[in-house]
Amino acid sequence: MLALLLLCLRLLRAEPLAYPAVISPQDPTLLIGSSLTATCTVSADSRLRAEDLYWTLNGRRLPAASYAALGATTLSVALARLNGSKQQSGDNLVCHSRDGGILAGSCLYVGLPPEKPVNISCWSKNMKDLTCKWAPGTEGETFLHTNYTLKYKLRWYGRDNTCQEYHTAGPYSCHIPKDLALFTPYEIWVEASNRLGVAVSDVVMLDILDVVTTDPPADVHVSRVGDLEDQLSVRWSSPPALKDFLFQAKYQIQYRVEDSSEWKVVDDVGNQTSCRLAGLRPGTVYFVQVRCNPFGIYGSKKAGIWSDWSNPTAASTPRSERAAGGCEPKGGEQNTTLRRELKQFFGWVKKHAYGCSNLSIKLYDQWRVWLQKSHKTRNQVLPGDKL
């Protein structure tokens, strides 16, 4: 260890010799649109003069028209209306000797002070933790490295706490994994800071019980409903992590056909753990997902937060058994009237049974079976008929 320390001290003493010039100001922080005059002064021992020097900014040589000799060993450069730094670590302003050697360097930090963080939202997974997200302000980009710190405390007592696990749910997020209190509201806020200042968000007050979300419903099964060509049955289990807590739940289902990216959402599932999808296409593969919204936990009045969707589960409706290429015989006026009436009745039943409402759909099932048998009968060639 002693040998390593001595080596570091030698390097520190040798550093001024490696850069035989001084830039002033060193590593300045400036607002966008500012102007700057920097100077490079070489040591008398270097045998260099002002006319032997030139400047670069981020590797690009600056025009000689912006230089001015301030004595025999000092060369200045004037930079006007500076833009935001191209990199958060600062723009590199370098003084060179005529042969291209680097004599000294400085970092220019050009940007904006941080804006007040906005849109803080938080959720608790199964009441075991807390994750919060926020937005960096209306503009967002400061061109400077900006630190965001999430702080929280119990509303009526306790000290300020600082969140430690950042970027867990995106670039502006933080995760508090444990040691959270229930039945007591928290104050939560975000502080943004960079070289040009500090901005503090509004304080958000929340109770963990009001922002609970959970895992997606488990054991999602999708199956056919007998021979019904336009229906699928969906069943699932309540989120296991909340089974021991007093809460209510409501569910949503979304489904799509195999060759489509457009999901259709069923909103009125309520607190059931099964559902009948109707009005589907025969002989078609469907992907189905379910999600849960736990609400009313221990009497909370808030709406709750939807979980993620479950993994897609696939099933296919039965294929139609109508004769391939068969043509329905043309019916007379009486048959047309009957079909119209049946279509209206079918539409009414379908409307009330669709969407997984609590209405019994036994009548609908019976109607669909009869209708399918009717179609099959009409498409068959009766014995004795001649083509």
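1. Let's start with Ser-201, whose side chain reaches the backbone nitrogen of Val-190 at 2.9 Å. This is a predicted model, so please read the distances here as computed values. Ser-201 sits in the loop between β17 and β18, and at 6% relative accessibility it counts as buried. Leaving aside neighbours within four places in sequence, Ser-201 is in contact with Lys-116, Pro-117, Ile-120, Trp-189 and Val-190.

2. One of those contacts of Ser-201, Lys-116, leads to a salt bridge. Lys-116 pairs with Asp-202, with 3.3 Å between the closest N and O atoms. What does this pair tie together? Lys-116 belongs to the loop between β9 and β10 (118-125), and Asp-202 to the loop between β17 (197-200) and β18 (204-206), so the bridge joins parts that are 86 residues apart in sequence. Lys-116 is partly exposed, at 38% relative accessible area.

3. Strand β10 takes part in a salt bridge as well. Lys-125 and Asp-215 meet through their side chains, at 3.3 Å from N to O. Lys-125 lies in strand β10 and Asp-215 in the loop between β19 (212-213) and β20 (218-224), so parts 90 residues apart in sequence are tied together. Both partners are partly exposed: Lys-125 has a relative accessible area of 31%, and Asp-215 has 28%.

4. Next, please look at Arg-98 and Asp-52, whose side chains form a salt bridge at 2.8 Å, N to O. This pair links distant parts of the chain, with Arg-98 in the loop between β8 and β9, Asp-52 in the loop between β3 and β4, and the two positions 46 residues apart. Which partner is buried, and which is exposed? Arg-98 is exposed, with a relative accessible area of 61%, whereas Asp-52 counts as buried at 16%. The cut-off for buried is under 20%, and for exposed over 50%. In total, the structure holds 4 salt bridges. As general background, side chains of opposite charge can pair when their charged atoms come close.

5. Now for the nonpolar interior. The largest nonpolar core has 25 residues, and the members that touch the most others are Trp-55, Leu-62, Leu-79 and Leu-93. Which elements give two or more residues to this core? They are β1 (21-24), β3 (36-42), β4 (53-57), β7 (74-79), β8 (91-97) and β9 (102-111). Apart from this core lies another, of 20 residues, including Leu-277, Tyr-286, Val-288 and Cys-292. In soluble globular proteins, nonpolar side chains tend to be buried together.

6. Leu-93 is a handy residue to select if you want to explore the largest core. Not counting residues up to four places away in sequence, Leu-93 touches Ile-23, Ala-38, Trp-55, Thr-56, Leu-57, Leu-62, Leu-79, Ala-104, Gly-105, Ser-106 and Leu-108. Three of the other core members with the most contacts, Trp-55, Leu-62 and Leu-79, are thus in its list of partners.

7. Some nonpolar side chains are on the surface. Leu-31, Ile-32 and Leu-112 make a nonpolar surface patch of about 220 Å². Within this patch, Ile-32 lies in the loop between β2 (29-31) and β3, and is partly exposed, with a relative accessible area of 34%.

8. A few backbone details deserve a look in your viewer. The peptide bond from Ser-24 to Pro-25 is cis, with omega near 0°, and Pro-25 is in the loop between β1 and β2. Asn-126 is not a glycine, yet has a positive phi of about 60°. His-167, also a residue other than glycine, has a positive phi near 65°. Most residues other than glycine have a negative phi, and most peptide bonds are trans.

9. Where do these two positive-phi residues sit, and is each buried or exposed? Asn-126 lies in the loop between β10 and β11 (130-135) and is buried, at 7% relative accessible area. His-167 is found in the loop between β14 (165-166) and β15 (173-176) and counts as exposed, at 57%.

10. Finally, the overall picture. The chain's secondary structure comes to 3 helices and 26 strands. Of its 387 residues, 40% are buried. Among contacts with a separation of 6 or more, 65% are between residues 24 or more positions apart. The chain exposes about 22800 Å², and carbon and sulfur atoms supply 53% of that area.

How values were computed
Residues are numbered from 1 along each chain as its sequence is written. This is a predicted model: local features need pLDDT of at least 70, side-chain atom pairs count only at pLDDT 80 or more; totals for chains, interfaces and linings use all residues. Side-chain values use heavy atoms; hydrogens and water are left out. A nonpolar core is a set of buried Ala, Val, Leu, Ile, Met, Phe, Trp, Tyr and Cys residues joined through side-chain atoms within 4.5 Å. Buried means under 20% relative accessible area, exposed over 50%, partly exposed in between (1.4 Å probe, protein chains only). Helices (H or I, at least four residues) and strands (E, at least two) are DSSP runs, numbered from the N terminus. Contact means heavy atoms within 4.5 Å. Patches are made of residues with over 30% relative accessible area and no salt bridge: like charges are joined within 9 Å, nonpolar side chains (Val, Leu, Ile, Met, Phe, Trp, Tyr) within 5 Å. Accessible areas come from the Shrake-Rupley method with a 1.4 Å probe; for residues, only the protein chains shown count as cover. A polar contact is a pair of N or O atoms within 3.5 Å; within protein, one must be able to donate a hydrogen and the other to accept it, and residues adjacent in sequence count only if both atoms are side-chain atoms.
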